[in-house]
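Open the model in your viewer and keep the selection tool ready. We will move from stop to stop, picking residues and strands as we go.

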Amino acid sequence: NIKSSISIDPKIFSNGKNSVFAKATDRFSQVSADTSITFDVDSTGPEFDSNSFEILRKGIAISAFPQAGINVDVAIKIIGNDLDLNSVKADFSSLNPAVKNAKASCSAVQNGASVCRWSIELKPGTAGAKIIIINASDTSGNRESVTFSKSLSIDDQGPVVVSLSTPSAI
């Protein structure tokens, strides 16, 4: 009864269920019965739903900001049954130089998806394309990253009343 082991490069396995079969042959060319082991391979991280990325002010998507800055929520949906909810972080330094490694508040919603949010002050200083990087990992340690470009403009003018009227007789 001899124990032996072999090393197999994990890159040859595909994502999902895999099996390895083995048999032994002795010096007299006698062959053992097959034996096998089946296992799961998870080599892909969470998936970002890029269509769900939004910058929200009181629940309304915005693409402009005042010079003074405003409080906003940044939200994205991430898909992955095994998303590590504590791993989701973002670099919002283009939206506010003080927000470089912000941890998200994530909650599972449905069908393996989670919505992750950050409450930040939107204060980019200048208009134009802003680069946002979001990172997330699953419970197996697979890490994914996504980069968004969001165009923002400055809204430095308040509303203007064009006309004001009352009924002619009160």
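Is Ser-29 buried or exposed? Select Ser-29 and show the surface. Ser-29 is exposed, because its relative accessible area is 58% and exposed means over 50%. Keep in mind that this is a predicted model.

**Stop 1: two unusual backbone angles**

Stay on Ser-29. This residue lies in the loop between β1 and β2 (35-41). Check its phi: the angle is positive, about 65 degrees, although Ser-29 is not a glycine. Why look twice at that? Most residues other than glycine have a negative phi.

Now select Lys-58. Look for it in the loop between β3 and β4. Lys-58 also is not a glycine, yet it has a positive phi of about 55 degrees. Lys-58 counts as exposed because its relative accessible area is 75%.

**Stop 2: the antiparallel sheet**

Next, color the strands β4, β3, β6, β10 and β9. In that order they make an open sheet of five strands with antiparallel pairing. Go to the edges: β4 (60-61) and β9 each pair on one side only.

What holds neighboring strands together? Strands of a sheet pair through backbone hydrogen bonds, either parallel or antiparallel.

Select residues 47-57, which are strand β3. Strand β3 pairs with β6 in the antiparallel sense, over six bridges. Pick out one partnership here: Phe-48 is bridged to Ile-78 in β6.

Step across to the other neighbor of β6. Strand β6 covers residues 70-79, and strand β10 covers residues 113-122. How many bridges link β6 and β10? There are ten, and the pairing is antiparallel. Select Lys-77 to see one pair: it stands opposite Val-115 in β10.

**Stop 3: the hairpin**

Add residues 105-110, strand β9. Five bridges join β9 to β10, and the two run antiparallel. Together they form a hairpin, with two residues between the strands. Zoom in on the turn and select Asn-111, which has a positive phi of about 45 degrees. Then select Gln-110. Its bridge partner in β10 is Ala-113.

**Stop 4: a buried serine**

Stay in β10 and select Ser-114, which belongs to this strand. Is Ser-114 buried or exposed? Ser-114 counts as buried because its relative accessibility is 5%, and buried means under 20%. Show its surroundings. Leaving aside residues up to four places away in sequence, Ser-114 touches Ile-76, Lys-77, Ile-78, Leu-83, Leu-85, Ser-107, Ala-108 and Val-109. You have already met Lys-77, opposite Val-115.

**Stop 5: the mixed sheet**

Clear the colors. Now pick β5, β12, β11, β7 and β8. This is an open sheet of five strands in that order, with mixed pairing. Which strands stand at the edges? They are β5 (64-65) and β8 (102-103). Each has a single partner strand, so one side of each is left without a neighbor in the sheet.

Follow β5 to its partner. Strand β12 covers residues 143-154, and it pairs with β5 in the parallel sense over two bridges. Select Phe-65: its bridge partner in β12 is Ile-154.

**Last stop: a nonpolar patch**

Finish on the surface. Select Ile-6, Ile-8 and Ile-12. These residues form a nonpolar patch, with about 320 Å² of accessible area together. Now pick Ile-6 alone. Ile-6 sits in the segment before β1 (16-22). Ile-6 counts as exposed because its relative accessibility is 69%.

Methods. Residues numbered from 1 in each chain as written. Predicted model: local features only at pLDDT ≥ 70, side-chain atom pairs only at ≥ 80, totals over all residues. Heavy atoms only, no water. Pairing = 2+ DSSP bridges. Helix = DSSP H or I, 4+ residues; strand = E, 2+ residues; numbered from the N terminus. Buried < 20%, exposed > 50% of the residue type's maximum accessible area, 1.4 Å probe, protein only. Contact = heavy atoms within 4.5 Å. Patch = residues over 30% accessible without salt bridge, like charges linked within 9 Å, V, L, I, M, F, W, Y side chains within 5 Å. Areas by Shrake-Rupley, 256 points an atom, 1.4 Å probe, with all protein chains shown as cover. Salt bridge = Lys/Arg side-chain N within 4 Å of Asp/Glu carboxyl O.
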